[in-house]
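Thank you for making time this morning. I would like to take you through one structure, and I will go slowly enough that you can follow along on the screen.

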There are 2 protein chains.
Amino acid sequence: MNEKNYTIKDIARMANVSRGTVDRVIHGRGKVSKSTYEKVRLILDKLNYQPNLVAQTLRKGEVCRLAVLLPDFKFDIFWKRPINGIDTAIKDYASIGVRVDKFLFNPLRASSFRKNAKSILEDGYDGILVAPNLYRESVEFFRECDKIGLPYVTFNTYIENTNALGHIGQDLEQSGKTAASLMTKLLPGPEELMVVHVEESLENARHMQEKESGFKQFYEERNSGGVRIHVLKTDNLKKIKKTFLQVLKTNPGIGGIYVSTSKVYIIAQILEKHSISSFLIGYDLLDENIRYLKSGHIDFLIYQNPGIQSNLGISCLVDHLLFKADIAKKKLLPIEIVIRENIENYLQ
Amino acid sequence: MNEKNYTIKDIARMANVSRGTVDRVIHGRGKVSKSTYEKVRLILDKLNYQPNLVAQTLRKGEVCRLAVLLPDFKFDIFWKRPINGIDTAIKDYASIGVRVDKFLFNPLRASSFRKNAKSILEDGYDGILVAPNLYRESVEFFRECDKIGLPYVTFNTYIENTNALGHIGQDLEQSGKTAASLMTKLLPGPEELMVVHVEESLENARHMQEKESGFKQFYEERNSGGVRIHVLKTDNLKKIKKTFLQVLKTNPGIGGIYVSTSKVYIIAQILEKHSISSFLIGYDLLDENIRYLKSGHIDFLIYQNPGIQSNLGISCLVDHLLFKADIAKKKLLPIEIVIRENIENYLQ
DNA sequence: AAAAACTAAGTTCTCGTGCACATTTCTATT
DNA sequence: AATAGAAATGTGCACGAGAACTTAGTTTTT
C-alpha cells in the first residue's frame, strides 16, 4: 500500500555500490562489470525504480525544446484557436522544463514557410509540431528532419508516407458522418437535404470537402437511395443569402441543412428572417451559433475543440522525448455533439 | 518574448543581498529591515518573480497528502470507475509531490464509514475528497473537519450547507433534460413516453429520481401538454421483462423510452427480441450498450465519464492547497452525447 | 562596562539526478 | 614483481528553493 519511492541512493546502498554505478546501470552508459550490472539491474527491477522526475527536471533545467510551425492567424483566422491552445500548452509544460517556441508562417507564401523551417532546423530543436498545409515545402522539410533524425508530429493536415511520429487532427469524414447520422435522427424518412459550404479560411477548403464526402458516404453506406443532397458552395458572404434562398425555392422539399463550417449562424439568420422551418446542423461554439442553438434555430452543433488539439500535439512529442512512450500514430479529436441542454459543459 | 525565469539567486545579486534575505522577503518571514524589504520587493515585482515549482517540489519532497474516502466497489460496483479514476489521478499527481491515500468504506455500514473517517482525521492529511452518501455520518465528519480547518471536497452526492471547498458531481437533472431534448428531436410531436429505472446500485436510487425529474421538467418548461410519461421502476432483473412488456402492451402509443441507468441494454434486448420499434436513450458505454448503439437499437447514449470526475476532485484540492487558487464551488461533469458515429472518441 | 538579548543579515545543508572528474582495482606486459 | 593502462567504481558539484544555523552588529540589562 504505502509505496516508498526509492531513490538512486537507496538502490546504491542496497547493492553496495556507489550512486555513480547505479546511474551508469540505469542509463546503460557502460563501464560497469557484468556482475555488478546484473546485481544492480535486479534490484532496480525488483523495486521497480522510477527516477524522480522532479529532480531530473531540476537538474536538466530545460528538458527539451520544441518548435511549433503553424500558419500565422494574422493571415488566416482559422489558426487563432489552435495557437491559443499552443500558448496554454506552453504554460502547462514550462513547469516540467519543456520549452516551446512558436514559428508562424504566412500560409500564402512558400518562402515564409521555408524561412521558418530553416530557422528551426538551424536552432537545434528536439522535436517539431508542424501544420503541413503547404504540401511541397512540407515534404521537403520532412526530408531534412528525417536526415538529422529530428522527430516531428503533423497537425491538422494529414500527409501520407511521412515518417511523422504521429498526427493530430480532426476526423473530418467522421465528422460529416456524424452530422448525417444526426440528420436522419431528425428526419428519418428519405429526404431532400442541403450541404452548405460557407468558406471562411484557406485551410477549410479541403476540410469542407472531406466533411461533405463523409456526409454523403453515410447515406451511401446505408443505401438510403431516396436521399437527395444539394450542395451549395460560396465564399462571397454578400451573395450567399440570395443564392441560398434560390436553392431553397427551387427545391422546396429540402428539410435539413448541414453547414460544414462555423458560419452556420449566417444560415440560421436567413432561416429566422424568412421564417423558414428546416433542421440545421453546423459547427463550433461561436456566440452567434450558441444564440441560435438556444433559440432552437440550430438543432445540433458539432464541436472539435482546437485547443485540445494543440495540447495533444505537444504532449505527443513530450511523451516520446521524455517518457519514451510509444505513441499512437494517429490521435483524433473527439467529435462532440452539442445541444442546448449540454452546452454548458463546453463553455469554459 | 524570450522570457528568462529569474531565480532567487538572480534577485539576490540584483539587490545586493543574500539568497536568505530574498527568501525572507518572499515568504514574509520578517527579520528584514524595511529598506531592504522594499528594495527586494521592488525587484521581485518588477521581474514578476515566480518560484521554480520544480525546485520547490523537490525540496519539499511531499508537497501535500490527500485522503480519498469513497465506498468500496466490492459492495457497490458503481464505484469501480471512480476509483479507477482516482488511481490514475494518484499517478498523475505523484510527479508533483502530491500523495493520495484511498480509504474505502462499506456503504452499508455506518461503522465502516466512521472508522475510516477517524483514521483520516488522526493521520493528519492536508485535504479530503469524500463521497458523503451516508448523510448523518458525513455531516458529523464535516463538523470535525471544520473544527480543525481541514479542507474537503464532496463527490458525487451533494449535501447542502456544508463548508466544503467545492463539489464535483454529475448534473443529474440536466442529464435528464438532455435526454428529453434528444427524445423530442427523435419524436417531435406530442407523444407517449416511458421512463424506465433499472436499479443497479444503492447510490443510484437518488440519481434515478433526479434524472426522471429533469426529464419531466423539460416537457413542463416547454409546455408540451400533450406528452404522457409512464414511469417503470424495478430492481428485480427477472421480473423486469414481464412488467416492461405489460406496460408497453397497455400503452401502445409509447414511442420513446428513456432508461435512467446503464442497464439500458436489457431494454434493448427485449425490444430486439420482440421486434418492437421504439426510440431508446440510456447511459454509459458498457460493451452491451455499445453493441446495441451500433446495431441501431439504442439511439443515444449519454456519458458522464466518472474517471474525469475523480481527476477533477483531486485537482480541485491541489489547486486550493498548492496554488491557492479560488476554485469554483461546483464543478459539474460534461454530459456527452454519444452516437455510433462519434463513439470512437470515448473508447479509450 | 561587560554580558545578555535581540535584529538583520549571510551561510550551509537538503532534496534526487546526472555528469565530470577522481580514485581504486584489475589485467597484461616487461 | 613492477608498472602502465584500462576498466570499474567512487565522489563532488550544480540545479533552485527553503529553512535551520551562524555571524555581525546594535541595543538593553545588570
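**The surface near DNA strand D**

Let me begin with helix H2 of chain A, which gives the most to the surface near DNA strand D, with four residues. Please keep in mind throughout that this is a predicted model, and that the distances I quote are computed from it.

Which residues come nearest to DNA strand D? Of the 24 residues around that strand, the nearest are A:Ser18, B:Ile8, B:Arg29, B:Tyr49 and B:Gln56. Of the atoms of DNA strand D that come within 4 Å of the protein, sugar and phosphate account for 58%. Sorted by class, the surface near this strand has seven nonpolar, nine polar and eight charged residues.

If we turn to individual contacts, the side chain of A:Arg24 has an N or O atom 2.9 Å from a base nitrogen of DNA strand D, while a polar backbone atom of A:Arg59 is 3.5 Å from a base oxygen of that strand. On chain B, an N or O atom in the side chain of B:Tyr49 is 2.6 Å from a phosphate oxygen of DNA strand D. The elements that give two or more residues to this surface are helix H2 (19-27) and helix H4 (53-60) of chain A, together with helix H1 (8-15), helix H2 (19-27) and helix H4 (53-60) of chain B.

**How the two chains are related**

Chain B can be superposed on chain A by a rotation of 179 degrees with 0.1 Å of shift along its axis, the RMSD being 0.5 Å. The two copies are therefore related as by a two-fold rotation axis. Moreover, 100% of the interface residues of chain B are also interface residues in chain A, so the copies meet through the same surface.

**Salt bridges**

Side chains of opposite charge can pair when their charged atoms come close. How many salt bridges does the structure hold over all chains? There are 28, and I will pick out a few.

In chain A, the side chains of A:Glu192 and A:Arg228 meet in a salt bridge, at 3.6 Å from N to O. Because A:Glu192 lies in strand E6 and A:Arg228 in strand E7, this pair ties together parts that are 36 residues apart in sequence. A:Glu192 counts as buried, at 15% relative accessibility, whereas A:Arg228, at 47%, counts as partly exposed. Also in chain A, A:Arg114, A:Glu137 and A:Glu140 are linked in a network of salt bridges.

In chain B, B:Asp10 forms a salt bridge with B:Arg13, their closest N and O atoms being 2.8 Å apart. Because these two are three residues apart in helix H1 of chain B, about one helical turn separates them. Is each partner buried or exposed? B:Asp10 is buried at 9% relative accessibility, and B:Arg13 is exposed at 55%.

Another pair in chain B is B:Arg41 with B:Asp45, whose closest N and O atoms are 3.2 Å apart in a salt bridge. Both lie in helix H3 of chain B, four residues apart, about one turn of the helix. B:Arg41 counts as partly exposed at 28%, and B:Asp45 is partly exposed at 49%.

**A buried asparagine**

Finally, A:Asn156 sits in the loop between strand E4 (152-155) and strand E5 (166-169) of chain A. With a relative accessible area of 6%, A:Asn156 is buried, and a polar contact of 3.2 Å joins its side chain to that of A:Gln309.

Conventions:
Residues are numbered from 1 along each chain as its sequence is written. Chains are lettered from A and ligands numbered from 1 in the order in which they are written. This is a predicted model: local features need pLDDT of at least 70, side-chain atom pairs count only at pLDDT 80 or more; totals for chains, interfaces and linings use all residues. Side-chain values use heavy atoms; hydrogens and water are left out. Buried means under 20% relative accessible area, exposed over 50%, partly exposed in between (1.4 Å probe, protein chains only). A polar contact is a pair of N or O atoms within 3.5 Å; within protein, one must be able to donate a hydrogen and the other to accept it, and residues adjacent in sequence count only if both atoms are side-chain atoms. A residue is near a molecule or strand if one of its heavy atoms lies within 4 Å of it. Ala, Val, Leu, Ile, Met, Phe, Trp, Tyr, Cys and Pro count as nonpolar, Asp, Glu, Lys and Arg as charged, and the others, Gly among them, as polar. Copies are superposed by least squares on the C-alpha atoms of residues with pLDDT of at least 70 in both. Contact means heavy atoms within 4.5 Å. A salt bridge is a side-chain nitrogen of Lys or Arg within 4 Å of a carboxyl oxygen of Asp or Glu.
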